[in-house]
Each structure stands twice: as structure tokens, then as C-alpha cells.
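Some notes on the model follow, as numbered points. Please read them alongside the sequence and the coordinates.

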Amino acid sequence: MGLDAEHGRLVSQHLNPNPPAKSVVVVGGGPAGLMAADVLSQSGVAVTILERMPTAGRKLLIAGRGGLNLTHSEPLDAFLGRYGPARRWLAPAIEAYPPAALIALAHDLGQETFVGTSGRVFPKAMKASPLLRAWLARLGARGVQLLTRHRWTGIDAGGAVAFVGPDGQEGRIAADAVVLALGGASWPRLGSDGGWVLVVADWGVGITPLEAANAGVQIAWSETLVARHAGTPLKRIGATCGDQRVTGEALITARGLEGGAIYALGPAIRTALDTNGAATLTLDLRRDMTIEALTERLRRPRAKQSTATWLRKTAGLSPAVISLLREASPGALPVEPDELARLIKALPLTITGLAGLERAISTAGGIRADEIDERMMLAKRPGVFVAGEMLDWDAPTGGYLLQACFATGAAAGRGVLEHLGGGADAQIPVDVAASHQS
């Protein structure tokens, strides 16, 4: 059965002939929304999910095309440090629903996991569709109603959730509480277009402007470099912006650079762009060598070799790296070995901007932390909870994005239960005191 058919099957009547007294509407069928629905339905709450797209979990499916990176296996303290300033208020949610809990959820849904060489955690199937299929089936068996092609338009004065259905007709659903998990604004074609900002801002809720995160950067390459090297990876490099330094890989694109090392510097790059209108990215193109060792190599005679051949044989530089050096030295490369070594170890590049939200992996900005309480409930709209990328946090790729979406979704679900008087302690699928291991 295809996913479309599976989704249609899940739009069903509640299985319980005696419906529970409390009902909740979850707006958004991504990881955060599905997690909130999982927690709530596990406790017997009647849950309806509104999803504007024809199927739920579209961004999750796209993320899993190259291997679904669920979370990361590093120690929890280091893990939490990846969230920067948002660690302060995100930590309780992630500590309550840590990577071990997310791994247990995957296993419970029949998806065994493994830890890659980088410490990232993946399902053995690598893709997202088996996990999503099993998850939707479980929610359907609990009576969760999934209404696709239903676009949320707000919450009326009586607390009913307003929407426009697939036939274009407006409708209302009464609810005892609402969980908003509408995502950020990246990859808008998959359903998260940030349209909720105007509605929520109209409630007087403070929102940090949405910006591209984990996005490529724009650099004014020469036509020659683009023609020869667009699509070429840069492996095992160091990258610095401001006082932030990372190691990893990048990819030369027609418009600049993208890749893990670039994404990890996203907050520092955005700060520099906002402050100065441009940002300086410094690349260490031979991270495995000290500048002294590199200088010594560059003292070797060139004989009759071309500069490119000499650099390739002497310093182990690829044609793409040599072209990058020429971009930074449009006249001629430095002649002195120590000066050339410094350029290789600290190549300055000027970033003029970020790729747009339509190409970004995730979104920075969102509902400010001071607008929610410890249960993920909006202080200005009691009974309305928020989760996932709607919140103002940012994290690099590597499993941190999905982990925070799942964790805040679980926190919102528990928060709703507490708000409704049903308790919030029995919803974690593993012992929260379990060690942070896979």
C-alpha cells in the first residue's frame, strides 16, 4: 500500500465507542505534530491532526532520501551544546525525551538503528518511509484522525480551530487544547511556508523573524571556477567565521558553498551578515598539516613543473583547492613559501549572503522562548501549545534538528495532559534515566 493510500485509510472514526472526555487538535503532521499526537493518544485523549498537504511527514521523507539521520550518539552535555543560546530552555525538553527515547521509538515501530562512523544515528533501512508508515498505522489504531488537505486559518474566540478543507469550504473543530506544529519556512513546497506568523503575531505573541538556517552561502566566484569546479567537494577542511571554528566538509556550488562545515557556522555567519552586510569565511585547506610542515614542503624546488602540478605533488592540493587559492589571489599566488602556506591554512572568502529559505534545510527564528511556559504553552493563549521549528531555536545538521522537533513535540503533548488535568509522567516510551547510548 502506498503512503497516499495509507494516509487515506487513517482518516477514520475513533475506535473507542465511548470517546474520551477530552479532545485535542494538532495542527501539522510533521515529526513534532506526530510526536504530540503519539503522547496524547497514548493517554487516551481524542486527537485530530490537521495537515495542509495531501500526506503527512513530507519533509521527513525528503530528509530521509540520503539516509534518515534521526539523532546523534554523543554525550548529552555536548549534544545540548549544539543548540547554542537556546540550550537554556530547550534542555528540559530534550533531557525528558533524549536520543535514547527517540531510538526506542524507532525500535518500537520496527525500525532498528545503527550508529555511523560520525556518531550519527540512522535506521538500518536508511529511509524514512518505513518508520513513517508504521507510526501512522499506530496512531490510526489508537483512533487518531488525520485530516489531510486541511489548511489551518486560526483559532476563534471560543477556542475552536478554524480551517479550510479540500473543497474550499471553511470549517471549525472544537477542542479542549490545541498543539501548533506548523514548522518553519524552509522548503515551503513541502508545506511549511511560515504563513502562521501573521496569525500568531496578531495574538500579540513575540516572534523572531524567520531566517534560513543550515543553508548554503553566497560567494562571488569567477566564471572559470564555476565552470570547472561547481559540484566539487572539499573534504577534511577547517572553517572559521568570527570566533567559531569547525571541521568537516563543504561543496562548491555555482553560487558559493554549502555542506556540513558551512551549516555549522550558520549562526556566526548570520550575525556577521546582519552586522556588517558581509561575512568573512576562513578555510584551512590542509587541516591535517601544521603551517610549519606545510612551509617546509613548499620550499622544495619547482624545477620545470607548472604551479598547479607543483602544488598538487608538493602540498597535496586538488585542482579545485588550487583554483580557490587563485580566487583569493587574482594576480598571482604568493612566491614565498611561508606566505603561500599561510594562504593555504587561512584562505579568506567573502560571503555576501545566504541561500533563500526555499533552499534552506531548516529555519532560525520563530516564537520567542519568553512567550511559552515550561509546558510549551503560549502565555497569551492558554490552551494553545507550540512545538518544533515554530519555536526560536537553531541547530546544525547531524541529528540535532529532528531530535529537538521530537522532544518539543513530546513536551507539548505532556504539557497538554498536565493542562487538562491528566498528568504528564507516563508518556515517555523509555526510562528517561537511561544512559545516552544507542
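1. The model is predicted. A hairpin is a convenient place to begin: strands E8 and E9 form one, with 5 residues between them. In the turn, Gly 168 has a positive phi of about 85°.

2. The pairing within this hairpin is antiparallel, and 4 bridges join E8 (residues 161-164) to E9. Two of the partners can be checked by name. Phe 163 has Gly 171 of E9 as its bridge partner, and Val 161 is bridged to Ile 173 of E9.

3. The hairpin belongs to an open sheet of 3 strands, ordered E7-E8-E9, with antiparallel pairing. Strand E7 (151-155) and strand E9 (170-173) are its edges, each pairing on one side only. On average, and with direction ignored, neighbouring strands of this sheet are turned by 30° against each other.

4. In a regular strand, side chains alternate between the two faces of the sheet. The two faces of E9 can be listed separately: Gly 171 and Ile 173 make up the covered face, whereas Glu 170 and Arg 172 make up the uncovered one. Both residues of the covered face were named above as bridge partners, Gly 171 for Phe 163 and Ile 173 for Val 161.

5. How are the faces of strand E10 (residues 177-180) arranged, covered or uncovered? Both are covered. Ala 177 and Val 179 lie on one side, Val 178 and Leu 180 on the other, and all are buried.

6. E10 has parallel pairings with E1 and with E20. Strand E1 (residues 23-27) is joined to E10 by 4 bridges, and strand E20 (residues 384-386) pairs with E10 over 3 bridges, also in the parallel sense. Val 178 takes part in both pairings: it is the bridge partner of Val 25, and its own partner in E20 is Val 384. Strands of a sheet pair through backbone hydrogen bonds, in either a parallel or an antiparallel manner.

7. Helix H11 (266-276) and strand E16 (279-284) are linked by a loop that contains Ala 278. The buried residues of H11 include Gly 266, Ala 268, Ile 269, Arg 270, Ala 272 and Leu 273; Arg 270 is the one to look at for a charged side chain. Just after the helix, Gly 277 takes a positive phi of about 80°.

8. Why is Ala 278 classed as partly exposed? Its relative accessible area is 28%, and the class applies because this value falls between the 20% and 50% cut-offs. Leaving aside residues up to four places away in sequence, Ala 278 touches Ala 272, Leu 273, Thr 350 and Ile 351. Of these contacts, Ala 272 and Leu 273 are buried residues of H11. Arg 381 is 103 residues from Ala 278 along the chain, and their C-alpha atoms are separated by 39 Å.

9. The second largest pocket has a volume of about 280 Å³. It is lined by 16 residues, and the closest to its centre are Pro 92, Asp 373, Glu 374, Arg 375 and Met 376. The lining divides into 9 nonpolar, 1 polar and 6 charged residues.

10. Which helices each supply at least two residues of that lining? They are helix H5 (87-96) and helix H16 (400-419). H5 gives the most, with 5 residues.

Key
Residues are numbered from 1 along each chain as its sequence is written. This is a predicted model: local features need pLDDT of at least 70, side-chain atom pairs count only at pLDDT 80 or more; totals for chains, interfaces and linings use all residues. Side-chain values use heavy atoms; hydrogens and water are left out. On a 1 Å grid over the protein atoms alone, a cavity is a set of points where a 1.4 Å probe fits but cannot get out, and a pocket is an open set with protein on both sides within 12 Å along at least five of seven lines; lining residues have an atom within 4 Å of a point. Grid points are joined across faces, edges and corners, and a volume is the space filled by probe spheres set on the points. Two strands pair if DSSP finds at least two bridges between them. Axes are lines fitted to C-alpha atoms, for helices over the stretch in contact, and angles run from 0 to 180 degrees between N-to-C directions. Buried means under 20% relative accessible area, exposed over 50%, partly exposed in between (1.4 Å probe, protein chains only). Contact means heavy atoms within 4.5 Å.
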